[in-house]
Amino acid sequence: MALRHIFSNIICGFIPNKKTRSKVRVILNNPSIYKYVKYVRRWADKNCGGVKKLSVEFGVGCHNLVVLLNDEHVFKFFLIPGRESRAYHESRVVTAFKNITPIRFPEMELIKYNNSIVRRYEYIPGKMLTDFSPVYINKNKTKIAQQLANFLYVIGNSDPSELSDLKPVSDADPDYLYGWFHNDIGNNFMLDDDLNIVGFIDCEKMAFCDFKESLTGAEHFWDKNGIRGLMIEILSEYTKLYYAKKRRKN
């Protein structure tokens, strides 16, 4: 193991690009990656007529191996041990919210493989926010903000009883910017070319919580990528929805 790390450090020392260097280091230090790709190929032979198209990516921080199969299935493998509880958590929240969410969650299956858990999702075609030019996003940010605000409002004001044990207090009630929340909205939704949001992905951080800290992180991410004022519009739209319902109740 020590020799492998020394070898990978030597190789990576010649790679100037930080992102490429991180990926190469992960590949060199994780020989199991090749086994995971073989597993996906075998799964394809048994379940969907074989491999027609396959690509490999790494999740943020290179904590996950992501294999896209035939533009139909997405497989995710943990590259850091001891994270299987996240998969079970994600499966529970996706199941609970799939008929509630106004923006689609991908169908999800947990598969046991080599004493670990593989996550298989349906593939949702589309582009991420940062795949579009900031000029185009800024020009159409109201349309995006309305969709995201409605998503935050509907999810946040839902309270599935089957998830009560995951709440910080089992009888906690949803409130303004408090309740169930995706918790990683910066770049984890898919859009079509007309900026309709067609799906939310990566729900493993979803929790019953205060939204504010995570929303601040999303705003910093958008600002860094040249997307200005989107969060202000989201909060404005969310506030309208929230207090309109309160007025109807009263």
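**Exercise 1. Work out which parts of the chain the K76 salt bridge joins, and whether its partners are buried or partly exposed.**

Start with K76: at 7% relative accessibility, this lysine counts as buried, since the cut-off for buried is under 20%. Keep in mind that we're working on a predicted model. Next, find the partner: K76 forms a salt bridge with D202, with 2.8 Å between the closest N and O atoms. Now place the two residues. K76 sits in strand β3, while D202 is in the loop between β8 (197-200) and β9 (207-210), so the pair links parts of the chain 126 residues apart. Last, check D202: its relative accessible area is 27%, which makes it partly exposed.

**Exercise 2. Do the same for the salt bridge between E204 and R119.**

The N to O distance here is 2.9 Å. E204 lies in the loop between β8 and β9, and R119 in strand β5 (residues 116-122), so the bridge ties together parts 85 residues apart in sequence. Then look at burial: E204 has 15% relative accessibility and counts as buried, and R119, at 0%, is buried too. Finally, widen the view: salt bridges with shared partners join R86, R119 and E204 into one network.

**Exercise 3. Explain why R83 has no salt bridge, using the distance to E204.**

First, locate R83: it's in the loop between β3 (73-78) and α4 (84-97). R83 is buried, and its nearest side chain of opposite charge is E204, 5.5 Å away. A salt bridge needs the nitrogen and the carboxyl oxygen within 4 Å, so this pair doesn't qualify. What does R83 touch, then? Leaving aside neighbours within four places in sequence, R83 is in contact with H63 and F78.

**Exercise 4. Compare the K53 and D71 pair with the cut-offs for exposure.**

Begin with the bridge itself: the side chains of K53 and D71 meet at 3.1 Å, N to O. K53 is in the loop between α3 (32-47) and β1 (54-58), and D71 is in the loop between β2 (64-69) and β3, 18 residues apart. Now the accessibility: K53 has 48% and D71 has 33%. Partly exposed runs between the buried limit of 20% and the exposed limit of 50%, so both residues land there.

**Exercise 5. Check the length of helix α6.**

Helix α6 covers residues 141-156, which is 16 residues. At 1.5 Å a residue it should span 22 Å, and its end C-alpha atoms are 22 Å apart, so the two values agree. For burial, pick from its buried residues: I144, L148 and F151 are among them.

Notes: Residues are numbered from 1 along each chain as its sequence is written. This is a predicted model: local features need pLDDT of at least 70, side-chain atom pairs count only at pLDDT 80 or more; totals for chains, interfaces and linings use all residues. Side-chain values use heavy atoms; hydrogens and water are left out. Helices (H or I, at least four residues) and strands (E, at least two) are DSSP runs, numbered from the N terminus. The expected span of a helix is 1.5 Å times one less than its number of residues. Buried means under 20% relative accessible area, exposed over 50%, partly exposed in between (1.4 Å probe, protein chains only). Lys and Arg count as positive and Asp and Glu as negative; His and the chain ends are not counted. Contact means heavy atoms within 4.5 Å.
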